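Notebook open, structure loaded. I want the overall layout before I go into single residues.

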Amino acid sequence: MVSKRLSREAGHRRKFLAIIDDTPECERAVAYASKRAKSTGGVLVLLYVIEPGDFQHWLGVEKIMREEAMQAAGAALDVYATKVREQVGIEPERVIREGKPADEIHKLIEEDQDIAILVLAAGAAKEGPGPLVASIAGKGAAFPIPVTVVPQNLSDEEIDSLA
């Protein structure tokens with residue numbers, strides 16, 4: 001069960017959550033979520049989840065690898081935040097978490113009661129729609145808020161007309 005959403009109460013704004021990862025469809029989710037946030041007076045939240053490595057045996061290596069992963073996550077968020085700023089004219093919130101993506105998405109949604117919509121993009125590859133979209137279809141992996149799934153092959157013009 002998810003806590004009550006506050007986005008409709010005074011002093012709160014509805015937030016659209018987009019996940020930043022290495023999938024090619026990620027860019028489409030950000031494009032839709034940012035334009036939807038702007039058109040509705042909402043906020044865009046960009047989340048990057050660093051999946052934990054198995055480096056417990058080498059503490060020094062683990063620390064270095066974690067720092068490198070944090071830098072890479074920050075750089076990826078910078079790229080998308082810059083695009084959103086330049087193309088849409090809004091300033092996104094940026095969040096970096098470490099853990100399993102579905103778990104960290106659930107935790108963030110629970111912690112930030114203004115997040116009302118999760119925006120994902122479905123890949124067009126023959127391997128399937130992508131790991132997060134596939135997890136929604138899995139048993140018990142559904143997210144506690146509405147999820148908008150954007151097809152990867154939508155053009156900017158089509159996203160503009162829908163958002």
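**Entry 1, overall layout.** I began with the order of elements, and the protein chain reads β-α-β-α-β-α-β-α-β-α along the sequence. That comes to five helices and five strands. Note to self: this is a predicted model. I then looked up burial, and 42% of the 163 residues count as buried. For the accessible surface of the protein chain I got about 9200 Å², with 54% of it belonging to carbon and sulfur atoms. I also checked contacts between residues at least 6 apart in sequence, and 76% of them join residues at least 24 apart.

**Entry 2, helix H1.** Does the length of H1 agree with its residue count, or disagree? H1 covers residues 26–40, and at 1.5 Å a residue its 15 residues should span 21 Å. The end C-alpha atoms are 21 Å apart, so the two agree. Next I listed the buried residues of H1, among them Arg28, Lys35, Ser34 and Tyr32. Right after H1 comes Gly41, and I noted its positive phi, near 75°.

**Entry 3, cores.** I looked for nonpolar cores next. The largest has 29 residues, and Ile20, Val30, Leu44, Leu46 and Val119 have the most contacts inside it. At least two residues each come from strand S1 (15–20), H1, strand S2 (43–50), helix H2 (59–87) and strand S4 (115–122). Which element gives the most to this core? I found that H1 does, with seven residues. There is also a second, separate core of 14 residues, and Ile19, Val95, Leu108 and Ile145 are included in it.

**Entry 4, Val119 and Ala18.** I pulled the contacts of Val119, skipping neighbours within four places in sequence. The list includes Phe16, Ala18, Ala29, Tyr32, Ala33 and Thr148. Ala18 seemed worth a follow-up. Ala18 is found in strand S1, and I count it as buried because its relative accessibility is 0%, with the cut-off being under 20%. Again leaving out neighbours within four places, Ala18 is in contact with residues including Ala29, Val30, Leu44, Leu46 and Val119. I also took one C-alpha distance here: Ala18 and Ser34 are 8.7 Å apart in space and 16 residues apart in sequence.

**Entry 5, Tyr32.** Tyr32 lies in H1. Buried or exposed? At 12% relative accessibility Tyr32 counts as buried. Beyond four places in sequence, Tyr32 touches Val119, Thr148, Val150, Ile159, Leu162 and Ala163. I checked the Val119 pair by C-alpha distance and got 7.8 Å, across 87 residues of sequence.

**Entry 6, Thr148.** I moved on to Thr148, which is found in strand S5 (residues 147–151). Its relative accessible area is 25%, so I put Thr148 down as partly exposed. Apart from neighbours within four places, Thr148 is in contact with Tyr32, Ile117, Leu118, Val119 and Leu120. From Thr148 to Ala121 I got 8.1 Å between C-alpha atoms, with the two residues 27 apart along the chain.

**Entry 7, rings.** Last look-up of the day. How many aromatic pairs does a search of the whole structure find? I came back with zero aromatic pairs. I did find a charge over a ring, though: Lys83 lies over the face of Tyr80, at 5.2 Å from the ring centre.

Methods: Residues are numbered from 1 along each chain as its sequence is written. This is a predicted model: local features need pLDDT of at least 70, side-chain atom pairs count only at pLDDT 80 or more; totals for chains, interfaces and linings use all residues. Side-chain values use heavy atoms; hydrogens and water are left out. Helices (H or I, at least four residues) and strands (E, at least two) are DSSP runs, numbered from the N terminus. The expected span of a helix is 1.5 Å times one less than its number of residues. Buried means under 20% relative accessible area, exposed over 50%, partly exposed in between (1.4 Å probe, protein chains only). Contact means heavy atoms within 4.5 Å. Accessible areas come from the Shrake-Rupley method with a 1.4 Å probe; for residues, only the protein chains shown count as cover. Rings of Phe, Tyr and Trp (its six-membered ring) pair if their centres lie within 6.5 Å; planes under 30 degrees apart count as stacked, over 60 as edge-to-face and the rest as tilted. A charge sits over a ring if NZ of Lys or CZ of Arg is within 6 Å of the ring centre and within 35 degrees of the ring normal. A nonpolar core is a set of buried Ala, Val, Leu, Ile, Met, Phe, Trp, Tyr and Cys residues joined through side-chain atoms within 4.5 Å.
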